[in-house]
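The following paragraphs lead through a molecular structure step by step. Please keep the sequence and the three-dimensional view at hand while reading.

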Amino acid sequence: MSEFAVETEALTVRFGGLTAVNAVDLQVPTGHRRAIIGPNGAGKTTMFNLIAGQVRPTSGTVKLHGQDVTSMPVQARTRAGVARTFQITNLFDELTVTDNVRLAVAGADPKVRRTFWRPLHRFPHIEARVDDLLEQWDLADVRDERPIELSYGQQRILEIVLATAGEQRLLLLDEPTAGVSKREAENLVDTIDSLPRELTIILVEHDMDVAFRIADEITVMVNGEELVTGPPDTIRGDDRVIEAYLGRDEHDAA
Amino acid sequence: MSAVTPEARNRLLLRVALLVLAIAVVAAPYFASSFQIGVLSRIAVFALFGLAFNIVFGAGGMPSLGHAAFFGLGGYIIGIGTVRLDVGIITVFVLALVLGAVLGAIVGVLTLRSHGVYVLLLTLAVAQALWGLAFQQVRWTRGDNGIAGIERGLIVPGEATLVTFYWTILALVSIFGALVWWFQRSPAGVAIVAHRESASRLAALGYRVSAYRIGAFTVSGAVAAIAGVLYATLNRFVGPENLAWTMSAEVMLFAIVGGAAFFAGPIVGAAALVTLEVWVSGFTDRWLAVLGLTYILTMLFMPQGILGLVDDRRRAWRARREGHEIAPTSANASDALTGTGGMS
Amino acid sequence: MGSVLGHVLNGLSFGSVLFLLASGLTLTFGLMRTVNLAHGAFFALGGYIALDVLRRTDRYWFSLLVAIIAATVVGVLFERLALHRVLGKELPQIIITVGFAFLIADLLLAYYGGRPQSPPRPPGLDGVLRLENFAFPHFRLALIVLAVVVWLGLHLLITKTKVGAMVRASVDDEPIARSVGVKVPVIFVTVFGAGTALAAFAGVWGGAFTGLQPGSEWQILLLALVVVVVGGLGSVGGALIAALAVGLLDEFGKWLFPSFALFTLYAPVAVLLAIRPQGFFGKEELT
């Protein structure tokens, strides 16, 4: 078993003439929490999709726990232990919260997943886990509601529940607090913080405070390339990072 | 404060009403005319066809306009099998299930890369190709003349009368309808609905989305073929019109009029439309014109279907009781189907 | 060789009829993204009205004009009263246009009966082109020429004027289009009217080729839809090529495998849609 949960080598992807990610060597040790930050268009979301499998690289490789997954489709990576949330809330809006979670738990169990003759709610081991998860994440009160009837913060939590329901080893969070109210964001950060430590987390984040609070290490990307990786304190004081952001901020303000 | 909540009381009332309805349908031969029994048989067969169709349409969110292919396939299996060849009735049913499933799987594979109106056109093209075969392969199908003389007695255990035939139809429709219900509540069935809501999320949960799309068409095709067998038996006849695209359009209307977001939607829709047809035919030959108007008016004024209206009422009632507003969500359910589907 | 050439020309002229119908669909379906399954009904409506007026007045071009105007008025009313209410929603459009097509078809059947009939050929095009042992009617040649003319006209209209851009803007982003002064409802009803007029015209000229009979408009509509999709939504050039290809496929299918003709027509279309759902010219929008 590799000591790295995620390891990329010379990972590059081009869309037409545009190089979105250029020769990135990323190494995230197992159990670490890594934030990828950077100005808009830095390639962080693409990087994220490369790891999750939504985007295939033009060249280079992606390894998860030592296994080369470069050519694996999304669902195969999920089975290899990768979970993800989406930047825009992506839930099954017409199913109840319980059914959302049931599907997530069942997704990790090939036998259940492929069953078409027995009702989804009649699998005791699935039900037990669903009940646990709903309790643990304070969703038991709204279990019969549909996701659209929940607050946005609750929807984001439900996303994380779905992503981690299958006892995954690597969690990819795409801007978890985007669009969430300040108070709910606090709650969400605490929630993420309280996830088990053996779970490796990679998050793409716009909000610097959130990134600095959650992450053990931070990778800063600029123009599709890795600028610097280091612990939050080092990053905070790094001149290149300040320049990259300030340059961008001025641009944004204009 | 009584021990029975209004919700529980209503649920009980609904169950009693459904039970009474079921008894009335089964006991219909004791008080209905033979013409009415015929109408009920047609409703039952179309209801099964609608249930099969709605696995792909209402649950899966894929607008097929080619389901007549499965329906007609079933009809020709019993037509060619029992009139032209000498195949046993059990074999007919097995063949219908298997070939319906195989054709369904093929259509499922063909439509994997399509969305919205492209699914519609593709399924239509497949059905038209089969319709062309039925029309032109005269040696097998007798072409436009169709195959007449399908024995109703074949599917009836024991003595074949109008009544025993009706009961056989009811029993078969109930059995296969229950199988569809069972399937839709299974993990695979729920995943098919989930795929409609968000294919990317489903894939991220470890499901191979394409397998569930194909699965939806496979089960749908098999059951639709059974409905086709029953329809041909009911009419004692099968012809190219069983495969015509208007049949596909009609089954879509069953689902929409009843409420595509609901399991019982196609049943209610089939009952409503067949009854309407019988009633209208009583005083005019212009049934097709009335049907056309029904299409337009339903879509403009009742896009969520009859059950959608009922559901909205129920929610509004509950909201009033609880003293707060609950947004009607059935409108959203039908929006998921009828809204801006992916054109790209 | 003569017979092959004959079949090629036959296929091309049927393809031209398809294109005349499909050209209207490229406007309503391809450009406006309005799924219009009533297009075939306007084809039939145009054909029957022309035939009716012609029988009463015996003036061909007048009948043609009345048929086009009448069908367009019906189309415009239909767009304003029903179709416009489900703008941008595929499935309701499908259901509503199918319903309208049933309605029109049934009224035509009630009024004109189920007997196959066909509008006459335009005066002056009754002749036959003779080359040694090969004969081909002028009218069919004229259809092919006309298809090319209509293609050129639409192509210029869409690429050389702002019409195409305005329609696309109205479809893609209605509020923006409104804010820059595009009268969106006017654009929609105009484009729909133009599409209907083309369908009615196809009904009169194409009807002289294919004949009119209840249900036949569906056959040709399905083919025209296929043509628009295979050609790539909104691509007039693609539609022309696809129409001619489908016309040839139909003709040679009938000639070579008479008992499989319908199958050999639809099956390749299904396979093509499966492999390339966006059609062959789907990328180059607005050409």
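A residue is called buried if 20 or more other C-beta atoms lie within 10 Å of its own, exposed if 12 or fewer do, and partly exposed in between. The model to which this is applied here is a predicted one. His65(A) offers a first example: it has 19 other C-beta atoms within 10 Å, and therefore counts as partly exposed. This residue lies in the loop that joins strand 5 (59–64) to strand 6 (67–68) of chain A. Its backbone deserves attention as well, since His65(A) has a positive phi of about 50° although it is not a glycine.

Another loop of chain A can be read in the same manner. Between strand 10 (217–222) and strand 11 (225–230) of chain A lies Asn223(A). This residue is not a glycine, yet its phi is positive, at about 50°. Is Asn223(A) buried, exposed or partly exposed? With 15 other C-beta atoms within 10 Å, Asn223(A) is partly exposed.

Helix 1 of chain A shows another situation. Of the 9 residues in this helix (residues 44–52), 9 are buried, so the helix is largely enclosed by the rest of the structure. Among these buried residues are Lys44(A), Met47(A), Phe48(A) and Leu50(A). After helix 1 of chain A comes Gly53(A), with a positive phi near 105°.

The helices of chain A also pack against one another, and two pairs may serve as illustrations. In one pair, the axes of helix 6 (residues 152–164) and helix 7 (residues 182–193) of chain A come within 9 Å and cross at roughly 15°. Angles under 35 degrees count as roughly parallel, so helix 6 of chain A is roughly parallel to helix 7 of chain A. The crossing of these two helices is right-handed. Helix 6 of chain A contributes Tyr152(A), Gly153(A), Arg156(A), Ile157(A) and Ile160(A) to the contact, while helix 7 of chain A contributes Glu184(A), Asn187(A), Leu188(A) and Thr191(A). The residues of this contact comprise 4 nonpolar, 3 polar and 2 charged ones. A general rule helps in reading such lists: an α-helix has 3.6 residues a turn, so residues three or four places apart point the same way.

In the other pair, helix 3 of chain A packs against helix 5 (residues 124–136) of chain A at an angle of about 120°, with the axes 9 Å apart. How are helix 3 and helix 5 of chain A oriented to each other? They are oblique to each other, and their crossing is right-handed. On one side of the contact are Thr98(A), Val101(A), Arg102(A), Val105(A) and Ala106(A) of helix 3 of chain A; they meet Ile126(A), Arg129(A), Val130(A), Leu133(A) and Leu134(A) of helix 5 of chain A. By class, the residues of this contact are 7 nonpolar, 1 polar and 2 charged.

Attention now turns to chain B. It contains 15 helices and 2 strands. Its radius of gyration is 21 Å, close to the 20 Å that the globule rule gives for 344 residues, so chain B is as compact as a globular protein of that length. Along the principal axes, the C-alpha atoms of chain B fill a box of roughly 70 × 50 × 40 Å. Of the 344 residues of chain B, 53% count as buried. Among contacts in chain B with a separation of 6 or more, 77% involve residues 24 or more positions apart.

A single residue of chain B may be placed within this picture. Asn145(B) is located in the loop between helix 6 (138–141) and strand 1 (147–148) of chain B. Asn145(B) is exposed, because 11 other C-beta atoms lie within 10 Å.

It remains to describe how the chains meet. Among the 2 pairs of chains that touch, the most contacts are between chains B and C. This contact takes 39 residues from chain C and 40 residues from chain B. On the side of chain C, helix 4 gives the most, with 15 residues. The residues on that side of chain C divide into 31 nonpolar, 3 polar and 5 charged.

Chain A also touches chain B, with 30 residues of chain A in contact with 25 residues of chain B. The largest share of the chain A side, 5 residues, comes from helix 3 of chain A. That side consists of 15 nonpolar, 6 polar and 9 charged residues. Chain A and chain C, by contrast, do not touch, and their nearest C-alpha atoms are 15 Å apart.

Technical notes:
Residues are numbered from 1 along each chain as its sequence is written. Chains are lettered from A and ligands numbered from 1 in the order in which they are written. This is a predicted model: local features need pLDDT of at least 70, side-chain atom pairs count only at pLDDT 80 or more; totals for chains, interfaces and linings use all residues. Two residues are in contact if their C-beta atoms, placed from the backbone, lie within 7 Å. Helices (H or I, at least four residues) and strands (E, at least two) are DSSP runs, numbered from the N terminus. Ala, Val, Leu, Ile, Met, Phe, Trp, Tyr, Cys and Pro count as nonpolar, Asp, Glu, Lys and Arg as charged, and the others, Gly among them, as polar. Axes are lines fitted to C-alpha atoms, for helices over the stretch in contact, and angles run from 0 to 180 degrees between N-to-C directions. Angles under 35 degrees count as roughly parallel, over 145 as roughly antiparallel, 65 to 115 as roughly perpendicular and the rest as oblique. A crossing is left-handed if the near helix is turned anticlockwise from the far one by less than a right angle, and right-handed if clockwise. The radius of gyration is taken over C-alpha atoms; the globule rule is 2.2 Å times the number of residues to the power 0.38.
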